[in-house]
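Hi everyone, thanks for making room for me today. I'd like to walk you through one protein model, going from its empty spaces to a few single residues. Please have a look at it first.

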Amino acid sequence: MLMTVTTTHRPATDLGYLLVKHPDRMQSFDVPTGTAHVFYPEATEQRCTAALLLDVDPARLAAGGPRRGRRTAAMPESFTLGQYVNDRPYAASSLLAAALAKVFRSALRGESRDRPELPGTALPLTIRVPVLRCRGGAALAERLFTPLGWTVTARPIPLDERYPQWGDSRYVDLTLTGTLRVADALNHLYVLLPVLDDAKHYWIAPDELDKLIRAGEGWLAGHPERRLITRRYLAHRRVLARRAEDRLAEARAAELRLADADPGADEDAWLPAAVRPRPLAATRRAAVLTALAEAGATRVLDLGCGGGALLTELLAQPRFTEIVGTDVSARALELAARRLRLDRLPVRQQQRIRLWQSALTYRDDRLRGYDAAVLMEVVEHLDPPRLPAMAEAVFGHARPGTVLVTTPNVEYNVRYEGLAAGALRHPDHRFEWTRAEFADWAGRVAAAYGYRVGFRPVGQVDPDVGPPTQLAVFTRDDAGPDSTGPNGAGAGGAR
């Protein structure tokens, strides 16, 4: 099976630096299903083409076979000899994606030792896969690749050109053209080739979910066919697909919070310009810093840290000896690192702060044992059914001594002229609570996990509708229930 990548970028031979494969020689690599060859049919300054040829060994496929009683792509057909008579050696499938991951590992990560600046450059690319197993036909290939910036030509391959009345086969001749980073292009292929194939050749372990999230960074969370992609990539394993959906939904929320934003942007910027409360973001951070000082916290988590505005102020105060910012979005963490100028900080300052990629709705052992955790303008970006999982992960598992939660007061929205009636303050807010609704939720969480909770206004208080932002201060009651919540089950939290 064959895949080619062509560019007309000048000089076109820069493609060799990006793929970390020299254009002047052929290289071969042993892979579990055979041998992968990389060579350059053409390599001039005007045009360069790299080819990945996978020579599949049918004996290795047969030896691999299905495990745990499940049928794999090594034996995709249901008939008895399907293990030996199939299209695996001839049509691009998940086997080609696996070979791509091994052969172009550095390119997938966007790394080039000799030209470190080059991977960030978008190049004119043409990618062709002449024979691709495509369950869903040409139309599905277009639905998957077009939203990613590709112009897609997917020509169905007839069963037999001599007998057109037999119709088309399950294969297409796929050509993609566009101007993209090579790393992005390869990650698109790594994920979507198995999706189109829809018959992975190996057992799907839980770590496949992490591979999917990693390869889909920056594009999968917002893809219109996200559910189909996750379901097929994870071989229709419902539990893994559901977990992937949760993590991608959280990543999408983080992306929208950062959309069209610089590292210092605040989500209040989405409000009408005429009424935008410029000081509110600073007022929120000041209220949080005051509450942390009153709690005597020195080791602090900023959960959902976004672009790092609060982290900057935490770092400026010596009382905070250990600061951790987490976010599900790698881009958010990059913005935070840039805002903090981590690479320029003195060593002692660098040792005080860390940035970790982590999802709010999953238990993370690294987050245990801290004095305080802050969720500033975060909870309203979660779908309501996922709030119990967040509560279990933060209050039940991480279990800091103090938890601070800020969220908009929806009653105050009527004071924003230009904000449509019933509209929320940010396009990604899943809800906004009244003061009573926030108090009810916070009270139930506190009771379930052994915390006491108090409330404070943030911003100028309107006598009729209250403050623009509401702050809940949760203090752990060490004499209360243990960290697993009531009856050892948590407050409806997902496991």
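I'll start with how to read the model, then go through its spaces, its surface and some buried parts.

This is a predicted model, so local features need pLDDT of at least 70 and side-chain atom pairs count only at pLDDT 80 or more, while totals for chains, interfaces and linings use all residues. Residues are numbered from 1 along each chain as its sequence is written, and side-chain values use heavy atoms, with hydrogens and water left out.

Let's begin with empty space. On a 1 Å grid over the protein atoms alone, a cavity is a set of points where a 1.4 Å probe fits but cannot get out; a pocket is an open set with protein on both sides within 12 Å along at least five of seven lines; and lining residues have an atom within 4 Å of a point. Grid points are joined across faces, edges and corners, and a volume is the space filled by probe spheres set on the points.

The largest pocket holds about 1,000 Å³. It is lined by 34 residues, and closest to its centre are Leu108, Arg109, Asn187, Arg214 and Ala215. How does that lining divide into nonpolar, polar and charged residues? There are 14 nonpolar, seven polar and 13 charged. Here Ala, Val, Leu, Ile, Met, Phe, Trp, Tyr, Cys and Pro count as nonpolar, Asp, Glu, Lys and Arg as charged, and the others, Gly among them, as polar.

As for closed spaces, the whole structure has six cavities of 30 Å³ or more. The second largest has about 80 Å³ of space, and its lining is made of eight nonpolar, two polar and one charged residue. Helix 14 (residues 387–398) gives the largest share of that lining, three residues. Helices (H or I, at least four residues) and strands (E, at least two) are DSSP runs, numbered from the N terminus.

Now, who is covered and who isn't? Buried means under 20% relative accessible area, exposed over 50%, and partly exposed in between (1.4 Å probe, protein chains only). Leucine 159 sits in the loop between strand 6 (151–158) and strand 7 (168–180), and with 52% it is exposed. Alanine 50, in strand 4 (residues 48–56), is buried at 3%.

Finally, helix 8 (residues 226–233) has six of its eight residues buried, including Leu228 and Tyr233. Just after helix 8, alanine 235 has a positive phi of about 55 degrees. Thanks for listening!
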